Amino acid sequence: QKKMLVALPETHWRTRANLHRQRVAQLLRPGFIGHDPGTAPDGDSHELRALDGDHAVFNFLQQYYHIKGTKGPRRLARWSPPLADIGGVLLEGGTVDDLASLLHLRAATLHKSGILYDPAAHFREAAAAAATPFVWYRDVLRATREREPIFHCFGLHEWAMQYRPAGEPPPPSAQYQQGSMPLRVTQHVINEVVERRGISCTHVDALRFFAPAAAPLNHHGRFLDREQQLSLEQPGCVHAHMDLLKIALRLTPWIEGELVADALEVALAARSLDVAASPYDARKFGLAPVKVETTAGRHEYRRQQEALMKRAAPLRAALLQAYEIFLLAAFGDVRVSHAAANPQPERYAIATPGGQPWRHSLISQGRNGELQSQ
């Protein structure tokens, strides 16, 4: 297929890049260190600072997605253009100064006429294995979109982290956010909520943070492996919406900056519901509790969960399209097919409550395709 090059006029892309930076700064501002919600922003309202690691909502950006220090927010604020179907994108008039903060530096090529992002050229000599993480996220997006949503989980993964029946030691997450966000309910209430109906958590990453005693109470399995994400991930999951930011960041700079900002906005909304429905008291961060321990609270959680799912659906579809365009442009059908047939070892890893990260929990494929712990 003949390669095509799209050139974006300087006035067009500069306007989009500056608007993107402003939008990211506005979204992140409530989480900046030293931010006072009671005062209007002073000076440069688009200044990018480090995030507060104790903020109940924004701390997940540091803990889960490694957006740390001042570099993390600045990375989010860098803009990149949408890819052409099978070629590169030239930003006319772009200079080396634009790569200092406005545009993504990675994979950018400086030319006399501007800055070029060309996936085919960048990955021309790459082995098919370089495509495997992108193929994985493409498959996750596809699978999630096709599954039926689950609306009876009520965010109880956060409660499972603090579950502690009589005689059990403190769970690994016992100190999670305790300094800045104390519990709003007693241990007895936490245990009662978790034990009443069990837990319906489909998110394989969340399970690893459960208290070990909560493992048998998860209806989808006390242990989950990474491969099961393709059969469990569903579009009602709040954490799956948060992970859209991780998926968007993995594709930069081969994705338009506006999609990254969209993913950030959805992720922050998802995290806000996640924390509001938890057993923690987050009122000092402006979050009224969604009391899922009550019938009214569970109805409210489901209402917000359904609204969030509808909000995330077009973003998930746009990210899937961006991944498909990128994979074809960067690797072509042959290398993509080879990558799909030879996944990374982390795809065969197991999550256990209170267990180790994925890379330390690999499982090997036994005979007849059976998975066995190493």
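These questions and answers concern a predicted model.

Residues are numbered from 1 along each chain as its sequence is written. In this predicted model local features need pLDDT of at least 70, side-chain atom pairs count only at pLDDT 80 or more, totals for chains, interfaces and linings use all residues, and side-chain values use heavy atoms, with hydrogens and water left out.

Colleague: Which side chain of opposite charge is nearest to Glu233?
Modeller: Glu233 is buried (under 20% relative accessible area, 1.4 Å probe, protein chains only) and has no salt bridge. A salt bridge needs a side-chain nitrogen of Lys or Arg within 4 Å of a carboxyl oxygen of Asp or Glu. Lys and Arg count as positive and Asp and Glu as negative, with His and the chain ends not counted. At 6.6 Å, the nearest side chain of opposite charge is Arg316.

Colleague: Which helix gives the most residues to the largest nonpolar core?
Modeller: A nonpolar core is a set of buried Ala, Val, Leu, Ile, Met, Phe, Trp, Tyr and Cys residues joined through side-chain atoms within 4.5 Å. The largest one has 101 residues, of which Leu61, Leu245 and Phe326 touch the most other members. Helices are DSSP runs of H or I, at least four residues, numbered from the N terminus. With 12 residues, the one that gives the most to this core is helix 11 (residues 257-276).

Colleague: Is Tyr117 buried or exposed?
Modeller: Tyr117 is found in strand 4 (residues 114-117), a strand being a DSSP run of E, at least two residues. Because its relative accessible area is 0%, Tyr117 is buried.

Notes
Buried < 20%, exposed > 50% of the residue type's maximum accessible area, 1.4 Å probe, protein only.
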